[in-house]
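Colleague: Could we go through the ligand site together, and then one loop residue?

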Amino acid sequence: MLKIIELNEVDSTNRYALDNFSVLADFSLIIAKKQTMGRGRRGKSWVSPAGLNLYASFVIKDRNFGGAAASWAASLAALSALRRTAQDISFRLKWPNDVYCRGKKIAGILCETKSNNGNIFAGIVMGIGVNLNMPPEDLVQIDKPATSLLAETGKSIDIRTFAAVLGNELIRYRDTIVINGIKPLYEEWKNENFIIGKNVHVSGDSIDADGTVIDIDGNGALILKSKEEILTLHSGDITLLL
Ligand code: BTN
């Protein structure tokens, strides 16, 4: 079911999966030892040194993963794989799709849509980056507070083994969507987010506001109560305010 394709070096596993989408099987998992142009959300780059972290892209053709379900399932699968690997450590989600550990980012998700000629939806490439064996002194290269499993546990872990755990978690989420539909997935994803009720600053392409997060709606949008109004935000970066 899960087919893992291992590359030595690539610009971006998402780019590779998008360009080869038509010849890759559903649930192919592309992993690379190194990315030279790892992509982050909102046009940022993703720090991708050789042999230290997981750089993974799933090819998703299964229509159960339409819309926001893909990024919800991806972040929940990453969260679950981290919890299985380091049982004593606390991990939570931070809207929109980051995994956090003790106030620092440990994993990020970038889902990109694949369209066929004629702009017809063909599926999704689900990119997942997880900081696994990056030593604490290297984490300063990342432009926001970041951590790795090694920094948290003092132990290195096998990247391929982690990739297989992650892949199996994703398939488990797919199976639960098939059986129970999207609503329980949304509820689990929302409940794992630690930012509800918190005072935050949100910055993005068309937003720069302080407020309190009062909810995350059924479309995955952040509901922010600022001094002046209630905002419904579909993207952006959150910083917690003290
Ligand atoms: C984020 O900014 O939080 C999203 C980061 C996503 C990084 C992963 S690493 C594997 C895949 N390939 C990429 O170029 N990006 C994603």
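Modeller: The ligand site comes first, followed by a loop residue. This is a predicted model, in which local features need pLDDT of at least 70, side-chain atom pairs count only at pLDDT 80 or more, and totals for chains, interfaces and linings use all residues. Residues are numbered from 1 along each chain as its sequence is written, and side-chain values use heavy atoms, with hydrogens and water left out.

Colleague: How many residues surround the ligand, and which are the closest?

Modeller: The ligand is surrounded by 20 residues, each with a heavy atom within 4 Å of it. The closest are Ser12, Gln35, Arg39, Arg41 and Lys105.

Colleague: What does the side chain of Ser12 do there?

Modeller: An N or O atom in the Ser12 side chain is 2.7 Å from an oxygen atom of the ligand. For Arg39, a polar backbone atom is 2.7 Å from a ligand oxygen. A backbone N or O atom of Arg41 also lies 2.7 Å from an oxygen atom of the ligand. The protein covers 97% of the 420 Å² of accessible area that the ligand has on its own (Shrake-Rupley method, 1.4 Å probe).

Colleague: Which element supplies the largest share of the shell?

Modeller: Strand S6 (104-116) does, with 4 residues.

Colleague: Changing topic, where does Asn193 lie, and is Asn193 buried or exposed?

Modeller: Asn193 lies in the loop between helix H5 (183-192) and strand S8 (199-204). Asn193 is buried, with a relative accessible area of 5% (buried means under 20%, with a 1.4 Å probe and protein chains only).

Definitions and conventions:
Polar contact = N/O pair within 3.5 Å; in protein donor to acceptor, adjacent residues only side chain to side chain. Helix = DSSP H or I, 4+ residues; strand = E, 2+ residues; numbered from the N terminus. Buried < 20%, exposed > 50% of the residue type's maximum accessible area, 1.4 Å probe, protein only.
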